[in-house]
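Me: I would like to learn how to read a model of this kind, moving from the whole chain to its details. Could we take one feature at a time?

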Amino acid sequence: MSYTLNKVEQLNSQKNALKTVWADGKTSSFHYLWLRDNCPTNFHPDTHERFFDLLSVSDDIHPTKVNFDNENLIIDWSEGDDSGMHQSTYSLEWLHNHAYSGDLKKDQGTNYESWSGDFAPSIPRVDHNQIMKDDAALLDWMKALDKFGLTIIENMPNTEEAVSHTAERISFLRETNFGLTYDVVSTPKPINLAYTSMALPLHTDLPNQEVPPGYQFLHCLANESEGGESIYVDSLRVLEDMRKDEPEKFQLLADTAVPFRFHDTTCDLRQHHSMINLDSFGNIIEIKYNAHIADIFDMSEDIMHDFYLAYRDLMRRFKGPEYKIKLKLNA
């Protein structure tokens with residue numbers, strides 16, 4: 001963005017806001033309460049946290065004087081501190097970057113990019129040694145993980161601790177009732193389908209938790225048996241298509257809370273969540289889908305049948321071969 005575009009050509013004081021005309025002719029408005037709340041003097045110089053008490057000014061605070069030059073907007077306010085006067089100075093570049101209205105209103109989308117079955121050759125692959133030692137490689141990997149939701153790390157050490165050490169390059173691990181890490185192996189008396197030899201249907205883990213995992217790391221230590229392939233489907237692509245094809249069914253899944261439950265001999269964990277999570281701008285940001293620990297549905301009788309139809313539609317879509325990636329991880 002050219003710095004010239006950040007210059008102001010004209011300011012117009014309105015009832016509750018300052019209308020700004022920029023050098024390129026684009027306009028934006030900044031409300032007085034927003035401006036006063038974001039005065040640079042409101043923030044601690046070290047922590048950068050706001051310590052200003054917004055209730056210390058009235059609803060109708062307004063500028064008594066407004067000036068601008070090539071770099072800053074300067075406002076004298078109708079209400080001030082103990083001396084009776086307060087002046088705020090805002091960088092024009094900062095205002096331009098934080099404009100929330102008019103021609104400069106931001107598109108509040110996400111960085112996510114959905115994919116289908118033909119994505120398999122393009123799955124981002126990174127070298128373990130690089131991301132452990134090189135911060136630039138780590139950042140590139142994290143960007144790819146955020147964008148696509150699926151990456152493969154090659155040349156992992158053959159140790160049980162390697163997966164934890166790798167994940168901790170990003171941040172701390174969050175413990176669940178299964179511990180910080182757990183082994184996916186077949187056991188005689190399983191407490192979870194993951195501990196059986198059965199093929200697991202597509203799912204996301206732990207929707208019975210208040211906050212299900214954001215990222216999960218699976219480390220293949222041994223895979224010499226018949227079968228054992230991993231199947232991946234991008235729920236974002238599935239939901240994008242469902243939203244386009246069946247918007248009412250999509251919205252029903254997004255609006256209706258579903259009970260999920262996991263229980264064994266030591267714990268009983270339950271939560272109600274909608275299967276589809278949208279952010280405040282309507283972007284698809286999360287799915288909680290796990291048919292084998294969905295509890296007994298308890299939504300209103302007025303929507304029960306329609307909900308099942310929407311749920312079955314989603315299930316069919318997840319089984320669609322056009323979405324599926326199937327590969328066997330190397331030990």
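Reply: Let us begin with a term: a contact means heavy atoms within 4.5 Å. In this predicted model, among the contacts of the protein chain with a separation of 6 or more, 58% are accounted for by residues 24 or more positions apart.

Me: What secondary structure does the protein chain have, and along its principal axes what does the C-alpha trace span?

Reply: The protein chain comes to 8 helices and 14 strands, and its C-alpha trace spans about 75 × 55 × 40 Å along the principal axes. For the radius of gyration, a compact globule of 331 residues would be near 20 Å, whereas the protein chain has 26 Å.

Me: How many of the 331 residues, as a percentage, are buried, and what area does the protein chain expose?

Reply: Buried residues make up 35% of the 331 residues, while the exposed surface of the protein chain is about 20,300 Å², of which carbon and sulfur atoms supply 48%.

Me: How should I read a cavity, and which residues line the largest cavity here?

Reply: The general idea is that rolling a probe the size of a water molecule over the atoms shows where empty space is left. In this structure there is 1 cavity of 30 Å³ or more, and about 30 Å³ of space lies in the largest cavity. The lining of that cavity consists of V8, L11, T20, W22, F30, L73, L92 and L95; the elements that give two or more residues to this lining are β1 (8–13), β2 (17–22) and α2 (92–97). Sorted by class, the lining has 7 nonpolar residues, 1 polar residue and no charged residues.

Me: How does one read a helix, and which residues of α7 are buried?

Reply: An α-helix has 3.6 residues a turn, so residues three or four places apart point the same way. In helix α7, which runs over residues 247–255, the buried residues are F250, L252, L253 and A254. Their cover includes α6 (235–245), β11 (268–274), β12 (276–278), β13 (284–287) and α8 (301–318).

Me: Let me finish with one residue of helix α1: why does D37 count as buried, and what does D37 touch?

Reply: D37 lies in helix α1, residues 32–37, and D37 counts as buried because its relative accessibility is 18%, the cut-off being under 20%. Leaving aside residues up to four places away in sequence, D37 touches N42, F43, R50, F52 and L54.

Definitions and conventions: Residues numbered from 1 in each chain as written. Predicted model: local features only at pLDDT ≥ 70, side-chain atom pairs only at ≥ 80, totals over all residues. Heavy atoms only, no water. 1 Å grid on protein atoms, 1.4 Å probe; cavity = no way out; pocket = protein on both sides within 12 Å on 5 of 7 lines; lining within 4 Å. Points joined across faces, edges and corners; volume = space filled by probe spheres on them. Helix = DSSP H or I, 4+ residues; strand = E, 2+ residues; numbered from the N terminus. Nonpolar A, V, L, I, M, F, W, Y, C, P; charged D, E, K, R; others polar. Buried < 20%, exposed > 50% of the residue type's maximum accessible area, 1.4 Å probe, protein only. Rg over C-alpha atoms; globule rule 2.2 N^0.38 Å. Areas by Shrake-Rupley, 256 points an atom, 1.4 Å probe, with all protein chains shown as cover.
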